[in-house]
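User: Please take a close look at one part of this model, the place where two of its domains meet, and describe in connected prose how that interface is built.

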Amino acid sequence: MGIFGQKEVVAFDFETTGVDPGFDRIIEIGAVKVFDDGRRETFKRLVNPQRPVPFYVKQLTGIDDSMLSEAEPIELVLPQFLDFLGDALLIGHNVSFDLGFLFENCRALGLRIPRNRVVDTLSLARVLYPTAVNHQLETLAALFEVELVRAHRAYYDALATLGVAEKLWQKLLSLPEPLFDQLEELIFAAGASDLEFYWRLAREHRMFRENLPPPPKVNSDKLVVLQNELGEPTSESVDFDPDIVEAYFSENSPLGTVLKNFKVRSQQQDMAAAVTQAFIDGELLMVEAGTGVGKSFAYLVPALFWSAANGEKVVVSTYTKALQEQLFFKDLPVLRKVLPFDFYALLLKGKGNYICLYRLERYMRDPMSLTSREREGLIYIASWISETESGDISENTSFINNFRYSLWEKVRADGHTCIGKLCPYYRDCFVYKIRRKISEAQMLIVNHALLISDLGGAILGDYSYLIVDEAHKLDVVAVELLGGEISIWRVKSVLDGIYKEAAVPSGVLSYIMTALGDQSLDEQFERIKANISFIRECADKFFSELALNMELIYHWQKQKYQVRKRYDYINPVYKSIKDRGDELIAALKSLYTELDIFIDNLGEPQNEELRKYFEELKGERAKLMELMDDLLVVLSPDEPDVVYWMESPTSPDSIDARLCWAPLDVGQVLNTELYERLGAAVFTSATLAIAEDFSYYLERLGLVYAPRERVRTLLLGSPYDYETQLRIVVTEFMPSPRELERFIDKTSALVRETSRKFRKGTMVLFTSHDSLRQIYESLYYDFQQVGIKLLGQGFSGSLAAISRTFIEDVESVLLGTESFWQGIDIPGKSLELLILTKLPFPVPDDPYIEAMSERLQRCGRSPFEEFIVPQAVIRFRQGVGRLIRSETDRGVLAILDKRIITMRYGEKFISSLPKKPEIAKSLDEVYQIVAEHLG
Ligand code: SF4
């Protein structure tokens, strides 16, 4: 028998003019038929769609109108294709897309709709290879080293699909019996009919084989394997000698032997010396290090020497995952080659990223206590858990891209309900494995979120030395994590952990009652159940009324974006839901009391199983307490240094309205809970000063609360030669952004004309998604005609995909908002023209901005000068920093917001630019600057 145990299979693929089967047309059909004796037949046809092929399809497929003009129309090709298919089993990649076109065309032409059985290599690959980098055909072909001669041409795609299908079939047959059975059970429990079909085919086939085949060989570069350890624990000790540290940044540095582009940079030397001194003197050092200084080595080298000499752990925290990975996978391995000692470093994430084997086992045993969607998600966890060494869910791309939410809440490690040493998986627990290693590590690479959520040191343990890179984001993360929110989902999640009524009840209480095996606590159990169902009713009413009253007052259903409004005691929405909130708190309190009584009556548990459940129940009770405390916070909106706001649901039929809060002054918390116990700390970023003044971030990060003699600042410019590498132009002739319609028209014209004329990699940064959309729509067809690829955030795929395409196509134009203003690194010719449309002032009616402004006003300070402008300048500088990323980059920065030269505050922006801007009075002058500088 052949692949999938069939006599004949047909792998097929269509190319089309778009994604809508009701509107778009097929332009190419490719298929390969394979018989069980190995014979093959092929089907290759271009199809005349009788309409022009859109530009992006031409670019993707290479198929243009001239190639199709002589081709037969679908009326003639489709009957031949149906004959070719016969009754064979069909195989496709993401086959529902192709089937949609097949069925729609059959319907339209009055042809019989084929009823062949179908295998989708996408859905099978997601289960069998959950850690593949992604599950696109090209990636899977590379994973199995299957040839894909020309992606996005139907015949070659069909051929590659067939090759991938053969490997998947081999993998399916090779699964060890227990795993095969376990997945089969879960697949049937989830009612995943496509997977059921594949498993049935494999089951039939496996019965007749004496030996299972080996799994196919794979290219491990196409799998996500998270490595979080570097080096070995060591007790090696060295002297801490500032001169030796300095030598790493001077002529003949050992770094020069491993880094191709190593150069002596005075700024890097100054920074390394300052970091060294900060460690010696116990300082809190803030360093602005311009692009190209090489700041990561400037702090890593002294930190590692300090750690090796003193046996002290150093924690390095970053905002972005990209920097975290660069430090861990690039910079630290370089240093392991050149430092005279080895070191042991860990890359760490928060506990919630790791699977809890104990909780997982419960749902694997009893999947029917989950929803059907969650049961489906469990399949992808089960197939991954047998292979993972890290237990970090970000390896599992199948799961995180499709299922992560409610199921992950149930199976991830959770500080409250972890039963520690009582857990049967304690020895193998991924979280504890990491924790054991933390105590031996010399360096921990973490992110700001973990740093802030672990101020008590529960995960990171004791440490005295801290380096915060991308420090300009530490306050933002702190605001987010030191505040909180109350939502219906949070209430339900807490209740579900205790008890959830269903055909198969779940929640720790239901397990306790089963394990008890007598009726002594039945009465209390019933009372708790009644309490829980009453709370569910109260919560539904509370959040429905919150959503309804927000609609009555703020009309959120008519708004394009989610509505966020501050509230206090006299806010009408708050007043309208306050009683419901009190009712909810009272009900939660009553549940808490009942749980207390239940726990008391349970006494000392009689056996191991009950002891475990008992500990879990105490964890659930702690979560309930936290929920009550937080509910009290949002229902008592009277703390002067806290901002309270409500958020509307994001879809009209949802009741997912939320109450949120955040502290205004996170600096004080950071100082008392973190800096006071540190031996030394370094805060660094390319943007920390406003017009060479650090006051803003000294206050935001709480360094103003530390003893003055401990705090030092250092401003280091970039080593790049901005005078020759960069031209900056302010377009004085543009209308003010306040005249929005005209401004959008003129911006659109400027982007259109400069892109057509110069064909340079161009990034246009916006402050509003609406403006971006209008310009994207106005340019789209024009650019199609002239063959310029236009990429728009929100229109052209994920941020990673947009960045990739932008880097590859050096003539493309990228329109971006939020995420493109910072953290993205586009080298060389891919980005030569950067256009900043507006000065990036924060939205004035954002609840946090509003509350911060009022707070400053109350203290007699100017919110605009001291908060709004600094925020905008930092973001502006981040945006500007996208352009020149190396010593060889050249670029033109165009600033379209003329307020930078007409308003008083503009001076702050201008003085934070790397050089003085030129003023253009006309578009021709802009052309001239671009032509002179970029050619
Ligand atoms: S030790 Fe805690 S986190 Fe680890 S598997 Fe057991 S219960 Fe889960």
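Analyst: In this predicted model, the C-alpha centres of domain 2 and domain 4 are separated by 31 Å. Domain 2 is assembled from the segments 233–344, 464–473 and 679–716, whereas domain 4 runs over residues 722–934. Where these two domains meet, 17 residues of domain 2 are in contact with 18 residues of domain 4, and the area buried between them comes to about 1400 Å², with 49% of it on carbon and sulfur atoms. On the side of domain 2, T291, I690 and Y696 together supply 36% of the area that this domain buries against domain 4, a share that exceeds that of any other three residues.

Turning to the polar and charged pairs, the count of salt bridges between domain 2 and domain 4 is three. A salt bridge joins K263 and E887, whose closest N and O atoms lie 3.1 Å apart; by the segment bounds, K263 belongs to domain 2 and E887 to domain 4. Across the interface of the two domains, nine residue pairs are found in polar contact, both partners having pLDDT 80 or more. As for the secondary structure involved, helix α28, residues 695–700, gives four residues to the side of domain 2 that touches domain 4, which is the largest share. Sorted by class, that side of domain 2 holds eight nonpolar, four polar and five charged residues.

Methods:
Residues are numbered from 1 along each chain as its sequence is written. This is a predicted model: local features need pLDDT of at least 70, side-chain atom pairs count only at pLDDT 80 or more; totals for chains, interfaces and linings use all residues. Side-chain values use heavy atoms; hydrogens and water are left out. Domain bounds come from an automatic or database domain assignment. Contact means heavy atoms within 4.5 Å. Buried area is the accessible area (1.4 Å probe) that two parts lose on being put together, summed over both. A salt bridge is a side-chain nitrogen of Lys or Arg within 4 Å of a carboxyl oxygen of Asp or Glu. A polar contact is a pair of N or O atoms within 3.5 Å; within protein, one must be able to donate a hydrogen and the other to accept it, and residues adjacent in sequence count only if both atoms are side-chain atoms. Helices (H or I, at least four residues) and strands (E, at least two) are DSSP runs, numbered from the N terminus. Ala, Val, Leu, Ile, Met, Phe, Trp, Tyr, Cys and Pro count as nonpolar, Asp, Glu, Lys and Arg as charged, and the others, Gly among them, as polar.
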